[in-house]
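The following exercises concern one protein chain. Please study the sequence and the model before reading each solution.

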Amino acid sequence: MRKLVRQSTVFACLAAGLAATGVAQATNGYFSHGYGTTSKGLAGAGAAYSQDTLAPATNPAGMVNVGDRVDFGVALFSPRREYSVSGTPMCGFEQGCFPLESGTVKSGSKAFLIPHFGWNRMLDDQSSIGLAIYGNGGMNTDYPVTPAGGTFYAGEAGVNLMQLFIAPTYSRQINDTVSWGVTPVIAYQRFKAKGLGSFSDFSMDPANLTDRGTDTSWGFGVRLGVQAEVGPGVHLGIAYQSKMFMDEFDNYSGLFAEQGDFDIPANLTVGLAWDLTPTSTLLFDVQHIWYSNVDSVANPFTNLTMEGQPLGADNGPGFGWRDMTIAKVGYQWQNSPDWTWRLGYSYGKQPIRDSEVLFNILAPGVMEHHVTFGFTRALGADNELNFAAMYAPTKKVSGENPLAPGQEIELKMHQFEIEASYAWKF
């Protein structure tokens with residue numbers, strides 16, 4: 001028991017340290033395509049088949065199956081974002097329109113280091129406690145000053161959203177084929193915006209619209225999961241995370257709907273895993289993310305242009321994101337006691353409507369396809385090295401500038417990521 005208390009104290013301190021670093025990542029909207037290096041090698045699949053201590057991010061029921069273990073890793077994530085403006089607007093500033101400068105502008109900040117951590121301890125043969133620390137993000141852009149004065153004529157423009165989750169977990173086996181888990185999730189957010197001063201006339205609180213530094217927010221939710229062997233070598237996993245209710249970003253009460261509210265949407269994942277042979281497994285997951293239930297993310301820009309609701313109002317404009325449903329398929333095979341290999345692919349229709357391109361210059365979460373590869377190298381009986389790589393090919397979304405009819409805006413992005421982690425089994 002003393003050893004367990006000491007380990008818990010060390011890992012709680014590490015959690016606090018990682019929380020201070022933040023993350024920046026965007027693949028499925030602003031959710032990651034996967035959590036944990038083994039799952040990322042399978043394009044994020046793993047709701048029915050947990051292999052490391054980042055399992056609570058996908059399905060907490062799997063923690064009781066991974067044993068006494070610690071995982072620590074880091075990813076190098078590189079999103080390449082840009083927007084282009086073309087066409088001749090039908091009106092100008094003097095008629096109350098807001099045309100953008102023509103041309104292509106690329107975002108800076110092209111590389112991010114993203115740490116993760118997980119720990120699990122078996123209490124007995126049928127139950128465990130653990131802790132996972134991981135992140136989301138990706139509403140991250142950094143556009144330079146242009147000849148006309150910046151993206152929105154107010155200097156360097158962009159936003160940065162970081163979300164970090166601290167996920168203590170209890171999991172238990174009901175019998176030899178069924179387990180369940182519960183994770184009370186603590187969430188921490190950091191956000192800043194710059195270069196949006198030209199929208200002051202559209203905000204109910206222009207003093208808290210832009211260039212207010214980094215604001216922070218804390219909140220909570222819960223993730224519940226179950227895993228079961230439903231047939232010989234066939235496993236089912238189901239996990240649901242509630243909407244996470246967050247403190248408001250007071251420094252940006254004039255930007256986000258509901259005076260700075262920015263909750264984290266609920267999501268549901270259902271997965272299957274088939275043991276095709278004793279050394280190979282095929283996985284298939286479907287995940288649904290309810291972006292439409294968070295007003296600051298889902299409200300359309302027409303709430304401003306058609307309904308007269310200003311930025312920051314209860315029904316103020318947001319990014320106009322729709323829900324996402326992502327299908328993930330992965331294949332894993334072990335060709336020797338020391339080597340395990342993984343391939344994966346996922347697809348989810350991106351959440352941005354073509355009518356919402358203006359505001360989504362700030363948050364171009366347009367990715368749809370992800371191709372992944374990974375492996376595990378066993379280093380003796382108690383240690384292993386894991387690796388995963390992801391490529392998301394270029395995706396474009398185009399639409400008319402709602403504040404300058406006749407002008408076209410195109411959002412464009414592609415991504416790379418490599419991740420490595422080390423595991424200790426004890």
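At 26% relative accessibility, Tyr 153 counts as partly exposed, because that class lies between buried (under 20% relative accessible area) and exposed (over 50%), with a 1.4 Å probe and protein chains only. The model is predicted: local features need pLDDT of at least 70 and side-chain atom pairs count only at pLDDT 80 or more, while totals for chains, interfaces and linings use all residues. Residues are numbered from 1 along each chain as its sequence is written, and side-chain values use heavy atoms, leaving out hydrogens and water.

**Exercise 1.** Determine where Tyr 153 lies and what the sign of its phi is.

*Solution.* Step 1: Tyr 153 is found in the loop between strand S4 (127–140) and strand S5 (158–173). Strands (E, at least two residues) and helices (H or I, at least four) are DSSP runs, numbered from the N terminus. Step 2: the phi of Tyr 153 is positive, about 65°, although the residue is not a glycine.

**Exercise 2.** Find the strands with which S12 pairs, and state their direction.

*Solution.* Step 1: two strands pair if DSSP finds at least two bridges between them. Step 2: strand S11 (residues 280–289) and strand S12 (residues 324–336) run antiparallel and are joined by 10 bridges; here Ile 289 stands opposite Met 324. Step 3: S12 is also joined by 10 bridges to strand S13 (residues 339–348), again antiparallel. Lys 328 has Ser 346 in S13 as its bridge partner, and a hairpin connects S12 to S13 through 2 residues.

**Exercise 3.** Which parts of the chain does the salt bridge between Glu 417 and Lys 40 tie together?

*Solution.* Step 1: a salt bridge requires a side-chain nitrogen of Lys or Arg within 4 Å of a carboxyl oxygen of Asp or Glu. Step 2: the closest N and O atoms of Glu 417 and Lys 40 are 3.2 Å apart. Step 3: Glu 417 lies in strand S16 and Lys 40 in helix H2 (residues 37–40), so the pair ties together parts 377 residues apart in sequence. Step 4: both Glu 417 and Lys 40 are buried.

**Exercise 4.** Analyse the salt bridge between Glu 368 and Lys 395.

*Solution.* Step 1: the side chains of Glu 368 and Lys 395 meet at 3.6 Å, N to O. Step 2: Glu 368 is in the loop between S13 and strand S14 (369–378), and Lys 395 is in strand S15, 27 residues apart. Step 3: Glu 368 counts as buried at 6% relative accessibility, whereas Lys 395, at 23%, counts as partly exposed.
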